[in-house]
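Hi,

Here is the structure I promised to pass on to you. Have a look at it first, and then read on for what turned up.

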Amino acid sequence: MQESTSPASPLAPEWLAVPADVNALHTPVWAGGVERNAGGELAVDGIPVSALKEQFGTPLFVMSESDFRARARAFKDAFDDAFADICGGVDVYYAGKSFLCTAVAAWVADEGLRLDTCSGGELAVAARAGIDGANLSLHGNNKSDAEINRALDMNLGRIVVDSLDELERVAKIAAGRGETAKVMLRLTPGVHAHTHEFIATAHEDQKFGLSMAEDSTAEAGLSAAEEAVAAATSYASVELLGLHCHIGSQIFEPDGFALAAEKLLSFLAAVQAKYSITLPELDLGGGYGIAYTPVDTPRPAADIAQAMAAVVRSKCAELGITAPRISIEPGRAIVGSSTFTLYEVGTLKTVRVDAPAAGSGESAEKNVTHPRRYVSVDGGMSDNARPVLYDADYSAILASRTSAAAPQLSRVVGKHCESGDIVVRDVYLPEDVAAGDLLAVPGTGAYCWALSSNYNYLARPGVVAVRDGSPRLIVRGETEEDLLNRDMGA
């Protein structure tokens with residue numbers, strides 16, 4: 001997106017430039033196959049958004065199946081290529097928590113990826129999609145006995161254990177069944193990820209994982225991570241496959257991934273020598289960032305793969321160990337940009353907000369007021385909770401037509417009874433946006449439908465997949481009857 005010669009509103013964040021063309025699409029934010037047609041309307045694989053609205057209604061999640069598959073293949077191909085000489089390739093587990101349904105699970109399998117799940121419900125989706133248990137992983141910091149039993153029923157390829165207590169429970173349940181549970185240990189390497197506090201997961205003071213820090217109160221001063229290795233090797237009902245870490249989400253900088261890999265490889269080498277064992281697998285997690293706004297600069301899968309491979313290759317050589325089989329867990333980086341949310345505009349209003357006058361150093365008395373326009377849409381925090389949870393930024397465009405009107409600083413808001421119900425905090429939209437227009441918010445494939453709710457008794461939107469010019473529902477939108485069916489009455 002190019003900057004125009006028009007000055008930005010003093011109410012806009014520093015990164016938000018006034019667009020030279022308010023109708024333009026910033027490519028990294030959108031899925032492949034999304035463009036404006038000859039009539040100026042946004043279309044995906046040739047299907048205009050007006051046709052999607054007429055057939056499926058709004059709000060609506062619109063996914064490009066081709067884009068999803070292409071991103072999945074890109075990760076698999078790039079990591080296999082980068083690690084071919086190190087460990088023969090990489091096992092890529094799609095992180096189902098980002099967005100999962102039976103269609104997506106089937107696409108994942110089609111493209112040669114495995115599937116990571118976090119609950120019995122996600123395992124149920126995988127089972128309905130016909131995914132082989134050997135290609136499934138189960139995460140979670142508080143797995144129920146029922147979930148552990150289901151994992152064993154399905155002969156899962158691995159259960160990622162999060163604590164000493166859980167390790168003991170998995171071992172006990174497996175022993176009671178006369179079976180062996182395949183286990184990986186999730187460690188917290190103490191790496192600071194440059195991301196929002198709520199989605200940073202490798203520091204000590206949070207709920208996930210086994211600490212790698214030595215504990216002076218523990219027997220022999222062992223860390224929780226080493227205690228878990230010692231315990232796992234003592235259980236006849238546990239097969240310890242290796243180690244796992246995940247440092248956070250929406251991360252652009254490579255430093256954290258490299259440091260985590262180095263720390264886990266050093267730990268792996270130490271425990272292999274101490275306990276005379278071989279740990280054949282190492283999972284380096286996911287968390288790769290995507291573009292939500294024009295200033296976001298995600299790294300291509302090939303760049304991520306080559307950078308990580310260089311660290312693993314060098315560290316294994318330094319330690320004198322055979323490289324374990326590497327696995328990774330991209331979710332958002334595959335599904336996030338594949339999808340946009342389509343909304344219909346309702347009410348609009350403009351308010352006047354105090355902001356510093358032009359030039360620096362003015363006192364509060366010299367502040368002047370500037371306009372901010374509120375554009376209300378027919379969804380909101382029930383279909384995208386990320387702005388209120390993480391202060392997440394998004395962009396938006398007028399989708400049903402182009403406009404020659406000047407750009408105006410706008411705030412896209414939902415219809416819920418919360419002042420924090422903001423979909424896009426700051427965006428320049430044409431001055432002539434009006435009720436009945438369609439807006440599209442890109443980058444909503446990950447953690448939007450997955451976090452959706454029925455707040456204010458709004459029905460959750462459907463998800464439409466478009467491929468080769470043909471749209472189909474892969475998740476049906478809810479109806480009021482769906483909402484009332486669970487109400488048991490007085």
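Nine aromatic pairs turn up in this structure, which is a predicted model. A pair of aromatic rings is described by the distance of the centres and the angle of the planes, and two of the pairs are set out that way below.

Take Phe 75 and Phe 79 to begin with. Their ring centres are 6.0 Å apart and the planes meet at 10 degrees; planes under 30 degrees apart count as stacked, so this pair is stacked. Both residues belong to helix H2, which covers residues 65-87. They are four residues apart there, about one turn of the helix. As for their surroundings, Phe 75 has a relative accessible area of 5% and is therefore buried, while Phe 79 counts as buried at 0%.

Now for Phe 257 and Tyr 288. Here the ring centres lie 5.2 Å apart with the planes at 50 degrees, so the pair is tilted. This pair links distant parts of the chain, with the two positions 31 residues apart in numbering. Phe 257 sits in helix H8 (residues 255-275), whereas Tyr 288 is in the loop between strand S12 (281-283) and helix H9 (301-319). Both Phe 257 and Tyr 288 are buried as well.

How do these residues come together? Ring pairs link Phe 75, Phe 79, Phe 83, Phe 257 and Tyr 288 into a cluster. You may like to bring up those five residues together in your viewer.

Some background on the whole chain may help as you look around. The protein chain has twelve helices and 21 strands, and its C-alpha trace spans about 70 × 60 × 50 Å along the principal axes. For 490 residues, a compact globule would have a radius of gyration near 23 Å; the chain has 25 Å, which agrees. Of those 490 residues, 53% count as buried.

Contacts across the sequence are worth a glance too. Among contacts with a separation of 6 or more, 70% are between residues 24 or more positions apart.

Finally, the surface and the charges. The chain exposes about 20,600 Å², and carbon and sulfur atoms supply 49% of that area. There are 40 positive and 65 negative charges, and the mean positions of the two sets are 2 Å apart.

Happy to talk it over whenever suits you.

Best wishes

Note on methods:
Residues are numbered from 1 along each chain as its sequence is written. This is a predicted model: local features need pLDDT of at least 70, side-chain atom pairs count only at pLDDT 80 or more; totals for chains, interfaces and linings use all residues. Side-chain values use heavy atoms; hydrogens and water are left out. The radius of gyration is taken over C-alpha atoms; the globule rule is 2.2 Å times the number of residues to the power 0.38. Buried means under 20% relative accessible area, exposed over 50%, partly exposed in between (1.4 Å probe, protein chains only). Contact means heavy atoms within 4.5 Å. Accessible areas come from the Shrake-Rupley method with a 1.4 Å probe; for residues, only the protein chains shown count as cover. Lys and Arg count as positive and Asp and Glu as negative; His and the chain ends are not counted. The place of a charge is taken as NZ of Lys, CZ of Arg, CG of Asp or CD of Glu. Rings of Phe, Tyr and Trp (its six-membered ring) pair if their centres lie within 6.5 Å; planes under 30 degrees apart count as stacked, over 60 as edge-to-face and the rest as tilted.
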